[in-house]
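Me: Hi! Could you walk me through how some strands in this structure sit beside one another?

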Amino acid sequence: MTKWVYTFGDGRAEGEVGMKNLLGGKGANLAEMSSLGLPVPPGMTLTTEVCGAYYAADKAFPEGLAAQVESGLEHISQLTGRRLGDRDNPLLVSVRSGARASMPGMMDTVLNLGLNDETAAALAAESGDERFAFDSYRRFIQMYGDVVLGVDHGLFEEILDDAKDSAGHAMDTDLSAAEWRTVIDRYKQLVEREADGPFPQDPLDQLWGAIGAVFSSWMNQRAVTYRALHDIPSDWGTAVNIQAMVFGNMGPTSATGVAFTRNPSTGENALYGEFLINAQGEDVVAGIRTPQEITEKARIAAGSDEASLEKIMPDAFEEFVAIAKRLEAHYRDLQDLEFTIEKGKLWILQTRSGKRTTTAALRTAVEMVDDGVISKDEAISRIDPASLDQMLHPTIDPASERDIICTGLPASPGAATGEIVFTSDDAVAAASQGRPVILVRIETSPEDIHGMHAAQGILTARGGMTSHAAVVARGMGTPCVSGAGGLRIDYAGESFSVLDRSFAKGETITIDGASGQVLAGQVAMRQPELSDHFETLMGWADAIRRMGVRTNADTPADAKSARAFGAQGIGLCRTEHMFFEDNRIVAVREMILADDEAGRRAALDKLLPMQRADFEALFEIMSGLPVTIRLLDPPLHEFLPKTQAEIDEVAAAMGIDAAALGERTHALHEFNPMLGHRGCRLAISHPEIAEMQARAIFEAAVAAAGRSGAAVVPEIMVPLVSMEEEFEFVKAIVDRIAGEVAAETGHEIGYQVGTMIELPRAALRAGPIAAAAQFFSFGSNDLTQTTYGISRDDAARFIAAYQSRGVMARDPFVSIDADGVGELIELAVERGRAARADIKLGICGEHGGDPDSIAFCERAGLDYVSCSPFRVPIARLAAAQAAIRSKAESSSQA
């Protein structure tokens, strides 16, 4: 019989940390902490397999689950002395999600389950605190009503706000037991009206309702969105953890909090977190009350007058510090802890590897290597390559004037400027139009995930450093200021105010996630400086990786940036990008629209010195590193004049009639230009174009070598080859021009000629092509288009539907299709090397900066990847991780 339920508690557990796939991260860690003898409330975990079975059976529970849950409840009862629904000693439980990958706030939770009219009275009598008991009961009705019964959370909040206003209270904690009773009665009336039935009083019915709701939340929109953003497969499912409740809201000797064993923003090795006295866990992360600092050092640094946990509860604090150190040492990683103190007794509710900024991740990894905790390979493997993008965020220029509107908490580093928007939908709409926005909310919730992803920055009036906004923003690398208490937000009026200043939707503000400042208008930014920890770890990565990392660069500015980021050459210089500049586009159009070769050569003579200067600059910046220059590739229609003003301009330059030029432009139109007269086909039809470009390259190489003294060995790449005869024709032109320039200058030029493999036929004919080509560079963008028969420009219209319906796991233009496109690449590698053992192999499409695609390139045996300048660090790290995995796989097979 399938085991659906695993129990834990009292120093024992049926699971352990290695069972995350089955028990989820939370369940596996609860089991592990329990086995370590830490103070963990007893409970049970319903496995991720239950989730799979639940959806497979159209949201019906599998056979045998009910009996195992009943046995699990008996286990909890034996350890606590309480039973679910007991009138004297009622057992109350929490019901929480827990997938194998952390998804903070994306799924649902129910606390205080087991309370009803009778057990609430029993809890009041047992605790001697009616206020606590009825506060817990109203929390349960509100949470269960929202999560399980589908009653709008805002309707409960309206009742609560009305109760506070009527009684003249500012805080929830000010309400008396009698006032909570009134709120409870109104809550129950609301549920009966909105849910078409009374609030359930049977605790067992409550439990199964909550279990179903938590499993169902795996497929809610915010969870689906989060999984899509973080590449988490939908078939993993979530576990459900049912655990005995402990209470942080039992008066002044009780508290609840969240802490990290190191600072998740900076990586400083110091306890970092917040807590609230007389509260439950959701109060801390929801931002309903502004939390207090855990340590005295943090309190002083924050300038807070509220006492720290270290001062208020020194015994519990010392025990917590010891446990935090023990857990970090045990897991050998920064830990994110949730805890509750019930009448002075400390309980640990959760530990997991903490979400952190890239700055913090790098510092933590490097310092743990220095301390002998982890190896260099482990340190490299722990950094998400894509997260290095966070290191490239601008910060506010220190010399800039700051018109400070207000100051909140520095929740996520980096600075951002944008228009004010107040809803996530508005953020998405603006981002789709290319307008940067700052999402301004009283507090964010998981429903805001799409807007948070679209926004350049996030600003909230409520919430602390561990609030939803702070945690999610740090994970995304988005600047965030939270807890800006002076902010008064008017959603209806679409504005916010601070004292006598008001700012409306559409106005521009800047937020500084490092200082917590909110600034009026646009403020000058400074490009980021990479930390010593970054340089250290990247040095380790460079020593380990096998593949080289080049850049796709068309301008001197791109080349300089790429070199600063560690590029080892240029893997793709797209010469056509140089043609679009204002001072040369007219000459390009003259060349295209000329009636004969003489006219084309006249226009090309104008372009030659411009191209030569471009290449000289790139060669000098790269200073001896390889530079791969692709000959003209795109269809000529891309350069043609579109407007009448452009036609008139070209006609004047050519000295011909504008109407005749318009007819000539129309005649060059192609029905399918991406598969038309482009690439090597242009060079074969008009050899003079390839001659001009080759001459510009070789003359630039001679000039740059003469000035710098560094050898320049250009790599000339022929695009869109499908037949060896095409390549040989164009290569003959290049070789002839190289000889001419050598004779003219007296300098022999070392160079290589290769081709892009971007058509399926070229991959199939890689052997004969390699007989003449000295290198292949896989143009994965076009290879994907031509393999699938999908236009990259149009794919967005339906790829999302493919993914949502499970037809396609990932967009093949984002991450390489290893099964189809990948097989063609592997075939070309095999056949190319069979024909020319020393052939150089690289990839230069957008996939060259995608970590998963880089892993494929390692497996395929490519020599290098090439990507955009700002993705060079990502590629360097991803290449090192791929080499580590390859080494591990080889060792395991030996």
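**Strands and their partners**

Reply: Happily! In this predicted model, Leu439 has Ile458 of strand 17 as its bridge partner. Ask away about the strands around that pair.

Me: How many bridges join strand 16 to strand 17?

Reply: Strand 16 covers residues 437–441, and strand 17 covers residues 457–460. The two run parallel, and the number of bridges joining them is four.

Me: Which residue of strand 16 is the bridge partner of Val421?

Reply: Strand 15 and strand 16 also pair, in the parallel sense over three bridges. Along with helix 16, they make a right-handed β-α-β unit. In strand 16, the partner of Val421 is Leu439.

Me: Are the residues of strand 16 buried or exposed?

Reply: Look at both sides of strand 16: Val437, Leu439 and Arg441 point one way, while Ile438 and Val440 point the other way. Buried means under 20% relative accessible area. Five of the five residues in strand 16 fit that description, so they are buried.

Me: Why is strand 22 largely enclosed by the rest of the structure?

Reply: Strand 22 spans residues 508–512. It is largely enclosed because, of its five residues, the number buried is four.

Me: Which residue in the turn between strand 22 and strand 23 has a positive phi?

Reply: Strand 22 pairs with strand 23 in the antiparallel sense over four bridges, and Ile511 stands opposite Val518. The two strands form a hairpin with four residues between them. In that turn, the residue with a positive phi, about 85 degrees, is Gly516.

Technical notes:
Residues numbered from 1 in each chain as written. Predicted model: local features only at pLDDT ≥ 70, side-chain atom pairs only at ≥ 80, totals over all residues. Heavy atoms only, no water. Buried < 20%, exposed > 50% of the residue type's maximum accessible area, 1.4 Å probe, protein only. Pairing = 2+ DSSP bridges. Right-handed = clockwise from strand over helix to strand, strands pointing away.
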